[in-house]
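Here are some exercises to try with the structure open beside you. Have a go at each one before you read its solution.

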Amino acid sequence: MRAILLFSVFCAAWLLLVVPELPAQSLPHRSYSVSEGLASSTVFRILQDSRGFMWFGTKQGVSRFDGRRFENMDHYKSLYGRSILGLAESSDGTIWINSYDKNIHCFRRGRLWRYPLPDVRHKAGILQLAVGADDAVWMRASNVRLLLLQQDSLRLMHSRDYRAYLGDSVNFINSIYPMPDGALLVSTDRGVFAVRDQTVRHIFSEAVGSRAVHAIEWDNRGNAWLGLEGEVCRISLTGELHWFSDPQMRNKKVQNLRADSSGGLWLAGEALGLMVIQDGCLLDMTDRLGLRNVEINDLLIDREQNVWVATFGAGVKCIPEPWLANWTVDDGLSNSYVHQLAEGRDGRLWVGTFNGLNVLDGGSMRRVRLDQNDDPAAAPLERIEAMTVDSAGKVWVSMLSDPVYILDQDLRRYPHDILLADGSTTAPNFLYTDPRGRLFASPYVGMIRLKDDGTEVWEQAPMLADANIHGILHLPDDTVWIASSLGAVRVAGGHARHFRVADGLPSDDVQAVCRDSSEAIWLATARGLARYDGERWTVLTTRDGLSHNYCRAIVTDPMGQLWVGSTRGLNYYDGKRFVHYTSQRGLIADEILRLLPDSRNLLWIGTAEGLSCLPLNAARSGGAPPQVYITSVQAGERIWREPRHISVPYDSARFSIDYAGMAFRFPDGLRFQYQLLGLDTSWRETSAGSRDFTQPLPPGRYTFAVRASLDNSGWSETPAKVSIRVYPPWWQTVWFRVLLAFMVLGVLLAGIIIIAATVKRRERARLDIHNQMLQLEQQALNSSINPHFLFNALNSIQYFFNKRDALFEANMFLSKFGKLIRLILEDAQKEQITLEQEIKRLTLYLELEEMRLEEQITFTIDIGREIDAEHVKIPVMIIQPFVENAIWHGVAPLEERGEVSISIKMQDSATMYIEVRDDGMGIDNSLAAKSEEEAEHNSQGMALTSERLKLLSRLNALNISLSVQAADAANLRRPGTLVRILITL
């Protein structure tokens, strides 16, 4: 038979001697119910998902909590069934939800999906969900059935019933517990079974046999815990059994077990309340949470080691500091203003307040009256000014305007007058016992040492004669540090050194002094902390993370941790950053007046509103920055859940972005920084969990990033981000601009084409008119040349007819003249004729001139063999005028026979060379011999000929060049004339 009675006696002794204070006090916690946003005050299940969000299955749906806000999902948000009894998470982050009325849901990527169960829907309600190592979903049904749902896809689910494998003797399945190796532990009313595939094995039979097991838990040391009726069994890795019980647990089922990281085990059950097993002792937390007669449905310990308690009708309780206890006047304090603390040699705690002395003894707080009047109504104000415990264990207490009282271990009080050098008495405001047992006192200013037979002034620090003494630190080498209202004094080897602001202190008002594990001296001042390493002072203020610069107390505990009390909370310093403890984390108040680490590793905290106690082994550093997530983005009427990318039109570019940092221990200490890349690169700090962009963002691409910090933990290394694209209006889009550019280009091109066509048409009309004019000019020139030739020819005919014996010549001349006239008339309207026609007409003309001049001239026409005279075309009468000039102005004036030669050859394949040569008097002699009128006529003829060649070049696109020079420049009498014409065909 187990020694339950002996164990109970042991636990009671532990409660009285080890931690006598904690059980009787209210436990700091936060309560969440409907008024805070919870869907219902009746909560059945609690789950913390892989990202840190808290999920609560309630009587009115599911609530997700980020530490500040609840997001509720009920039947109005596609949730079929309200009473949520099961919550579980798959490895991919899917949250599985079941209601009692046989509906299964999953929450994935911000959406809620419903999956109907197989044919068992109408037969049983689902009481619990669990996800195994292979992501198989296990369900515990109310009809003693165990179901396994294996999803081949999101819509295909299969089930297997393990009811037959557990045996007919099993009447009820109490809980299921998935193991990392893929097995499922099932606690029943006939013991514990391990289920793997289709194999069922009875386990822990040597411990519990076939007794009913209601809960199973594994701690971080590998121990298995089993909750039974009236007791708890721990099974170690070696198989060793340890049983825990208590009279309060008798006949009560342990239905919930949760192990914390410090080795504690939290347990709850129907009519059991809330208890914790810590260091081998059972502590009842029910009354400390105000949960007497309240049913507890579930327990959970989150990653921050906060304890969550789900209740029926009382909401959810969160215990951020399970071991932090508080005392106020309701717990026995005489007054809530606690500014003096001292530990007696017997371990009792002495508490001095603004009105009365208190002692914590035997688990209870009680007042110790110092005056001789036992009538409380007539007792005067007992303001405790100073306390110390001497080497004999006696407690010295000083009150305002009263003598010092000495209390022995039996709380008998003895008045004691402190005499000054002038014989007067004083009530000191500071008392201190050094390591050698010597007592020191400060009568408001200065310092004196107390003796049994009198007093004497302490001469080692005369500079403190006018200072208020606040604290003394006595080092093993007899070095003494004194904290005062006029700075700090170090006394070593009979020499004193005074440190003030000029020496590096932030303030002369030094409230406390201590030394850390590195032997550095720390001072708490009215303007921050000062650290002295033996050579120089280093100042730490709120800029370094201190909660407030007015520091009232500073101590180092036995573990070397530094604790600082300020007017805005308690600070723990780990050498790198400060961690804050405030009323939000369970302290009774933020204004810290006194700190005292005791011999049991407890830190006592005197505040302006009561007394707090914190186990030092529960102190934690700031840790890593909290995870931060973007939970939703709203633009216009549309909401995105947990988005990564969103796109909105320009007229919906007003955003509201919600984000959450996973911090439940100290949610009010959570801070955020955000930035909107694309608009601003700077980080902006805020304590709000949302950011509204009321002004529409300009079209473009943006990235919203947010990071979090908690309790000076630094900022998240990987911020949460969402990319935002704001589409521009259609008239600002690239495709519209491209289209507009094409349209403008098309219009410009069309305009250019129209203008070019118009210009071209006008140019063509102008060219047509010009060509007509050129043709008319050509015809006019032809007409101007032909009459001149006709005039000469008619003169010749007249000459032959006047000559009596020249009738035959006249007829022949007239016949040739007629042919020539016919050719001239035929070619008058032509621009070009063949070379053969030109030579034929030119031959007729030369023959006529030869007959007219009675063989005074001879002519030759030489055509190169390479020229095809029948097909080569040249302008009309291009040679005629020069031949005529050679005859009339070169040969005719001579008194002897002259010669005219015409040579036509190809200079190259594309250039025709025409040469008209005569051996007459030459162009210069001809012009000099003629009258002025004849010279003017010849000049106009040559000008007309040159103009005609220019017109022919422009009209027919021919390149015609002309040169006129002396044929034989060395012959001064008859130099002759040479005309060269080059025609590019």
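**Exercise 1. A charged pair and its surroundings**

Find the partner that aspartate 410 meets in a salt bridge, and say how exposed each of the two residues is.

*Solution.* Keep in mind that you're looking at a predicted model.

Step 1: Look around the side chain of aspartate 410. Its salt-bridge partner is arginine 412, and the closest N and O atoms are 3.2 Å apart. The cut-off for a salt bridge is 4 Å, so this pair passes.

Step 2: Check the exposure of each residue. Aspartate 410 has 56% relative accessibility, so it counts as exposed. Arginine 412 has 46%, so it's partly exposed.

Step 3: Look for salt bridges that share partners. One such network joins Arg51, Arg64, Glu71, Arg641 and Glu642.

**Exercise 2. Two more pairs**

Work out how far apart in the chain glutamate 71 and arginine 641 are, and which elements they sit in.

*Solution.* Step 1: Start with the contact itself. The side chains of glutamate 71 and arginine 641 form a salt bridge, at 3.4 Å from N to O.

Step 2: Now place both residues. Glutamate 71 belongs to strand S5 (residues 70-73) and arginine 641 to strand S60 (residues 638-641), so the pair links distant parts of the chain, 570 residues apart.

Step 3: Compare their surroundings. Glutamate 71 is buried at 18% relative accessible area, while arginine 641, at 35%, is partly exposed.

Step 4: Try the pair of arginine 348 and aspartate 346, whose salt bridge comes to 2.6 Å from N to O. Here arginine 348 is buried, with 10% relative accessibility, and aspartate 346 is partly exposed, with 40%.

Step 5: Count every salt bridge in the model by the 4 Å rule, and you should get 27.

**Exercise 3. The two sides of a helix**

Test whether the length of helix H5 fits its number of residues, then find out where its buried residues lie.

*Solution.* Step 1: H5 runs over residues 807-827, which is 21 residues. At 1.5 Å a residue it should span 30 Å, and its end C-alpha atoms are indeed 30 Å apart.

Step 2: List the buried residues of H5: Ala810, Phe813, Lys816, Phe817, Leu820, Ile821, Leu823, Ile824 and Asp827. Seen down the helix axis, they fall within an arc of 160°, so they line one face of H5.

Step 3: Think about the spacing. An α-helix has 3.6 residues a turn, so residues three or four places apart point the same way.

Step 4: Turn to the face of H5 away from the buried side. There you'll find the exposed residues Leu807, Phe808 and Leu825.

**Exercise 4. A pair of helices**

Decide whether helices H6 and H7 are roughly parallel or roughly antiparallel.

*Solution.* Step 1: Take the angle. H6 (residues 835-852) and H7 (residues 880-891) pack at about 15°, with their axes 11 Å apart. That makes H6 roughly parallel to H7, because angles under 35 degrees count that way. Their crossing is right-handed.

Step 2: Check the lengths. The 18 residues of H6 should span 26 Å, and its end C-alpha atoms are 25 Å apart, which agrees. H7 reaches 15 Å with its twelve residues, close to the expected 16 Å.

Step 3: See what's covered. In H7, ten of the twelve residues are buried, including Phe882, Val883 and Ile887. Among the buried residues of H6 are Leu842, Tyr845 and Met851.

Step 4: Look just past H6, where glutamate 854 takes a positive phi of about 55°.

Technical notes: Residues are numbered from 1 along each chain as its sequence is written. This is a predicted model: local features need pLDDT of at least 70, side-chain atom pairs count only at pLDDT 80 or more; totals for chains, interfaces and linings use all residues. Side-chain values use heavy atoms; hydrogens and water are left out. Helices (H or I, at least four residues) and strands (E, at least two) are DSSP runs, numbered from the N terminus. The expected span of a helix is 1.5 Å times one less than its number of residues. Buried means under 20% relative accessible area, exposed over 50%, partly exposed in between (1.4 Å probe, protein chains only). The arc is that of the directions from the helix axis to the C-beta atoms. Axes are lines fitted to C-alpha atoms, for helices over the stretch in contact, and angles run from 0 to 180 degrees between N-to-C directions. Angles under 35 degrees count as roughly parallel, over 145 as roughly antiparallel, 65 to 115 as roughly perpendicular and the rest as oblique. A crossing is left-handed if the near helix is turned anticlockwise from the far one by less than a right angle, and right-handed if clockwise.
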